[in-house]
Amino acid sequence: MSNKSSAISIARRGLMFVLSSPSGAGKTTISRRLMELEANVHLSISVTTRPRRPGEVDGVHYHFISGEEFGLMVNRQELLEHAKVFDYYYGTPKGPVEQHLAAGHDVLFDIDWQGTQQLRQNARDDLVSVFLLPPSTRDLEKRLHTRAQDSAEVIAKRMSKAADEMSHWAEYDYVVINEDIEQCLGEVRTILHAERLKRHRGIGLVDFVKRLREGH
Ligand code: 5GP
């Protein structure tokens, strides 16, 4: 008998995988590693009015746009969700996400709790939300300093915001503590793999079961 695995594949709808955390909890690293390890995951590239940081590339990290352009996108309802974070506006363009989901691709979002709340209201069935927590406040501060991309003033502001952001942990489907990157990554991948198997995403199941019951 052959040991080859089955070639049966049931069509499924993609899912929206949201990773949120206070700045410095390791979300960027986890997202990058997830993209490297998982086939079929596409990153949603947000629009933002924030100025580009050194090393950031327009169209890769964000689409950097003006406040006026942002306002137009909101008015034309081209954003799935949008929010003001710190002093700038951020939003998720609708078109690419809808195309990916329909094609059975998963989409990864690095958005804050405000955006996640909006997605929960508008797209609950497609949404899987994960909140990453740092192991300690000291660790969070250390990571923000190591990153050293922002001024001391910005870091202080982000630290004072972190407590506010963390108060939203209970609104998420899953909470993962990022003490060890590899362990955290493993837990996040387990969540993704299990969520892909949810019955309601298996849009090909109805036909599959129908054929089984008809004796094919
Ligand atoms: P940063 O300016 O450090 O890249 O991001 C600041 C915060 O904005 C992060 O918490 C990030 O998750 C959030 N963010 C980035 N893009 C979006 C977006 O499209 N929508 C929302 N709601 N938040 C976003």
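Here are three short exercises with worked solutions on this structure, which is a predicted model.

**Exercise 1: The ligand and its surroundings**

Find out how many residues surround the ligand, which are the closest, and what polar contacts their side chains offer.

*Solution.*
Step 1. Start with the shell: 16 residues surround the ligand, and the closest are Ser46, Arg50, Tyr62, Tyr90 and Asp110.
Step 2. Now look for polar atom pairs, using a cut-off of 3.5 Å between N or O atoms. Tyr62 has a polar side-chain atom 2.5 Å from an oxygen atom of the ligand. For Ser46, a polar side-chain atom lies 2.7 Å from a ligand oxygen atom. In the side chain of Asp110, an N or O atom is 2.7 Å from an oxygen atom of the ligand.
Step 3. Check the cover: on its own the ligand has 510 Å² of accessible area, and the protein covers 94% of that.
Step 4. Ask which elements contribute: strand 5 (79–85) and strand 6 (88–93) are the ones that give two or more residues to the shell.
Step 5. Sort the shell by class, and you get 5 nonpolar, 4 polar and 7 charged residues.

**Exercise 2: The sheet**

Work out in what order the strands of the open sheet lie, and which of them stand at the edges.

*Solution.*
Step 1. Trace the sheet: its 4 strands run in the order 4-3-6-5, with mixed pairing.
Step 2. Strand 4 (63–64) and strand 5 each have a single partner strand, so one side of each lacks a neighbour in the sheet; these two are the edges.
Step 3. Zoom in on one pair: strand 5 and strand 6 are antiparallel and share 6 bridges. Here Ala83 has Tyr90 of strand 6 as its bridge partner.

**Exercise 3: The second largest pocket**

Describe the volume and the lining of the second largest pocket.

*Solution.*
Step 1. The volume of this pocket is about 300 Å³.
Step 2. It is lined by 13 residues, and those closest to its centre are Arg50, Tyr88, Asp150, Val154 and Arg158.
Step 3. Helix 6 (residues 152–166) gives the largest share of the lining, 4 residues.
Step 4. By class, the lining holds 4 nonpolar, 2 polar and 7 charged residues.

Notes
Residues are numbered from 1 along each chain as its sequence is written. This is a predicted model: local features need pLDDT of at least 70, side-chain atom pairs count only at pLDDT 80 or more; totals for chains, interfaces and linings use all residues. Side-chain values use heavy atoms; hydrogens and water are left out. A residue is near a molecule or strand if one of its heavy atoms lies within 4 Å of it. A polar contact is a pair of N or O atoms within 3.5 Å; within protein, one must be able to donate a hydrogen and the other to accept it, and residues adjacent in sequence count only if both atoms are side-chain atoms. Accessible areas come from the Shrake-Rupley method with a 1.4 Å probe; for residues, only the protein chains shown count as cover. Ala, Val, Leu, Ile, Met, Phe, Trp, Tyr, Cys and Pro count as nonpolar, Asp, Glu, Lys and Arg as charged, and the others, Gly among them, as polar. On a 1 Å grid over the protein atoms alone, a cavity is a set of points where a 1.4 Å probe fits but cannot get out, and a pocket is an open set with protein on both sides within 12 Å along at least five of seven lines; lining residues have an atom within 4 Å of a point. Grid points are joined across faces, edges and corners, and a volume is the space filled by probe spheres set on the points. Two strands pair if DSSP finds at least two bridges between them.
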